[in-house]
Amino acid sequence: MAIRKVKSENAFLFESTSSFVQKLYSTIFVDVPSIYSQWFFEIAKFISSTPSTYQQFRSFEIPSHPNPNYRPTKPGNFNTSQADSKIGPGLVYLENIRDDCADEGRHDEFAADVEKIYRILRNFHSRAPKMELALQESGIIMRSGLTERVLNRCGDAGNLGYSFFVWASKQPGYRHSYDVYKAMIRILGKMRHFGAVWALIEEMRKENPQLISPELFIILMRRFASSRMVKKAIEVLDEMPKYGCEPDEYAFGCLLDALCKNGSVKEAAALFGEMKYRFTPGIKHFTSLLYGWCREGKLMEAKHVLVQMREAGFEADIVVYNNLLSGYARSQKMVDAYNLLKEMKRKGCEPNAASYTTLIQALCSREKMEEAMRMLLEMHRSNCEADGVTYTTLISGFCKCGKLDNAYKLLDRMIQQGHIPCATTYLHIMLAHEKKEELEESLELIEKMKIGCVPDVSIYNVAIRLACKLAEIKEGVELWNQMEASGLSPGLDSFVIMIHGLIAHGHLVEASDYFKEMVGRGLLSAPNYGTLKDLLNSLLRAEKLEMAKDVWSCIMMKGCDLNVYAWTIWIHALFSNGHVKEACSYCLDMMEANVMPQPDTFAKLMRGLRKLYNRQIAAEITEKVRKMAEDRQITFKMYKRRGERDLKEKIKAKRDGRKTRAQRRQRGRGLGRAKADISSGLS
């Protein structure tokens with residue numbers, strides 16, 4: 001499927017638009033009138049002569065479908081390349097995305113060694129001695145830059161990266177550089193292994209104190225903030241002097257920025273009030289707070305920050321205005337947003353591409369595509385170039401409306417105007433194909449992308465999910481292998497998509513293999529216990545007890561930090577599928593690991609053991625639970641009573657759910673019969 005071309009050179013008309021908008025398209029896209037033609041030819045000159053603020057906004061990309069590898073950033077805040085927050089549709093500030101359309105350096109001097117090391121880590125990640133032996137015998141020479149490339153290649157598989165980091169540190173004549181430490185701290189922070197991060201910084205203080213810099217602590221602040229651990233993020237600022245780094249206005253600003261980007265603007269505002277005498281407030285501090293309140297839709301608080309900013313002697317600039325535009329758009333106050341745009345022009349602060357794209361995005365999110373195209377025309381009339389972000393926003397809007405032909409036409413026009421589409425642009429089209437269950441078109445689009453813009457993990461995830469949905473498992477596996485062969489590391493989302501797809505079509509052996517691979521790469525955590533639950537229940541329902549035990553043993557062997565919920569999933573799965581004795585055995589293992597069973601788990605096991613007349617195991621479990629309750633200052637009688645109550649409530653809820661579903665099915669059948677009677681009567 002080639003990229004679809006415009007049907008006529010003299011018209012760029014969308015079937016569903018009014019005559020006004022048809023005229024608009026003709027004006028903009030076809031045989032550009034002289035008033036604009038010279039301007040189009042001067043694009044390169046215009047961009048190079050535009051202030052750096054404009055260049056900053058040119059690089060922002062729009063938010064897209066959620067995925068673990070997407071990191072939006074916003075202009076006007078600190079360290080925009082390090083943003084850690086996720087934003088939903090309708091927000092102005094767009095990801096400072098690196099150019100995925102040219103995978104530079106893939107075939108440089110490190111490429112062969114990086115791939116060789118990555119294969120060794122994947123093949124032997126569960127057997128540390130064999131892994132170290134394979135690395136020693138690989139003939140790879142440790143040198144500057146190699147370790148950092150390997151860590152980047154491991155991607156979300158933090159355990160693989162950490163294994164290599166530890167091995168490399170033991171090699172004679174080699175010492176980790178600042179960039180390697182920084183990359184490792186970022187990886188561990190992303191895995192939320194904050195204890196390991198502090199241990200690594202402590203190791204740096206002892207062995208390489210000259211490498212400690214404020215940037216390392218800023219990375220840690222951002223990771224804490226993205227995990228909504230506000231107090232821990234603030235504590236990092238207080239810990240910095242212990243390591244020889246005195247916090248300054250920049251570090252404080254980064255902390256404010258991280259908190260505001262991750263939904264903790266109230267805490268950020270309180271911190272700003274406490275610290276404004278310690279750190280001199282700058283315009284970027286105010287801009288961070290302004291952005292945070294606008295992101296929350298709290299315009300009154302945002303205006304209060306604006307007043308504070310003016311009292312401090314700072315005037316609103318383009319970034320401030322764009323934040324306010326975003327706030328109005330997010331609060332669906334489009335009239336106020338249009339008035340603000342006019343006010344900007346009156347005050348001599350000309351709106352830039354990000355200003356117009358903010359409003360276009362707000363209109364697209366409400367499926368008001370005609371108004372969005374009018375805004376594009378207004379943008380051109382104001383001599384403001386529509387950049388790649390603007391086109392991507394419009395393409396996203398048409399894709400959400402199901403108008404793929406229009407999206408492809410805009411894509412062609414975008415390329416003709418000299419803007420190279422990035423992976424996010426294509427992602428919107430891929431999602432539209434997925435919605436229409438068009439697998440062949442999705443695969444053809446991936447092939448087309450390889451010519452100019454290399455597909456990223458998100459693109460492959462969509463294609464794999466669609467292949468699995470359509471029971472094209474072989475195609476899904478081929479896409480997975482293709483993704484890894486292209487140098488991309490599958491993330492948590494990739495594994496979850498593949499595992500659920502395999503489970504849905506009964507490929508339990510393959511699902512177990514992918515799950516164990518995910519565990520081996522260190523990607524199993526509490527938020528994705530749902531995948532664990534689905535896999536274990538599917539295996540046990542298929543009477544594959546030994547395979548289920550093998551999956552659980554893999555989790556235990558990898559040293560995963562399992563909480564009571566993970567144990568409960570496993571024990572309940574065994575019990576629900578008739579393996580009562582095995583459930584009790586693992587309950588004893590859980591208590592050996594100093595994890596106390598939930599009250600309803602204890603009550604369920606006691607009921608099962610009573611039916612089996614197995615008093616010995618019941619007494620053993622009861623005694624251990626009684627002791628653990630006493631250690632935790634819990635009354636055993638209350639614990640037991642609560643367990644019985646919770647169990648009864650769950651049984652009742654389950655029964656009620658079945659009744660409700662049965663009633664819905666009955667109503668559905670009745671409605672179907674009524675429609676059939678009506679149609680037969682009409683005929």
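Good morning. I shall begin at Q171, which sits in the loop between helix 8 (158–169) and helix 9 (178–190). Please keep in mind that the model before you is a predicted one. Is Q171 buried or exposed? Its relative accessible area is 11%, and because the limit for a buried residue is under 20%, Q171 counts as buried. Setting aside neighbours within four places in sequence, Q171 makes contact with Q136 and M142.

From this loop we may pass into helix 9, where A183 lies. A183 is buried as well, with a relative accessible area of 9%. Not counting residues up to four places away in sequence, A183 touches E148 and L151. In sequence, A183 and L151 are 32 residues apart, yet their C-alpha atoms are 7.1 Å apart in space.

L151 brings us to helix 7, which covers residues 146–154. Which residues of helix 7 are buried? They are L146, T147, V150, L151, R153 and C154. Viewed down the axis of helix 7, these buried residues fall within an arc of 160 degrees, so they line one face of the helix. The elements covering them include helix 5 (111–124), helix 8, helix 9 and helix 26 (473–485). After helix 7 comes G155, with a positive phi near 60 degrees.

That leads to a point about backbone angles. Most residues other than glycine have a negative phi. Two residues deserve mention here. E367, which is not a glycine, has a positive phi near 60 degrees. E367 is placed in the loop between helix 19 (353–365) and helix 20 (369–381). N383 is likewise not a glycine, and its phi is positive at about 60 degrees. The loop that holds N383 runs between helix 20 and helix 21 (388–400). How does the surface reach N383? With a relative accessibility of 46%, N383 counts as partly exposed.

I turn now to the interior. The largest nonpolar core has 196 residues, and those with the most contacts inside it are F515 and I621. Which helix gives the most to this core? It is helix 31, with nine residues. As for I621, what does it touch, leaving out residues up to four places away in sequence? Its contacts are C584, C587, L588, M591, F602, M606 and L609.

Helix 31 appears again in my last topic, the second largest pocket. This pocket holds about 730 Å³ of space. Its lining consists of 22 residues, and H572, F575, S576, K604 and K654 are those nearest its centre. Four elements give two or more residues to the lining: helix 29 (529–541), helix 31 (564–576), helix 33 (599–612) and helix 35 (636–682). Helix 31 provides the largest share, seven residues. How do the lining residues divide by character? Seven are nonpolar, six are polar and nine are charged.

To close, I would ask you to retain two views of this model. In the first, the buried residues of helix 7 line one face of that helix, and helix 9 is among the elements that cover them. In the second, helix 31 gives the most residues to the largest nonpolar core and the largest share to the lining of the second largest pocket. Thank you for your attention.

Terms used:
Residues numbered from 1 in each chain as written. Predicted model: local features only at pLDDT ≥ 70, side-chain atom pairs only at ≥ 80, totals over all residues. Heavy atoms only, no water. 1 Å grid on protein atoms, 1.4 Å probe; cavity = no way out; pocket = protein on both sides within 12 Å on 5 of 7 lines; lining within 4 Å. Points joined across faces, edges and corners; volume = space filled by probe spheres on them. Nonpolar A, V, L, I, M, F, W, Y, C, P; charged D, E, K, R; others polar. Buried < 20%, exposed > 50% of the residue type's maximum accessible area, 1.4 Å probe, protein only. Core = buried A, V, L, I, M, F, W, Y, C linked by side-chain atoms within 4.5 Å. Contact = heavy atoms within 4.5 Å. Arc of directions from axis to C-beta.
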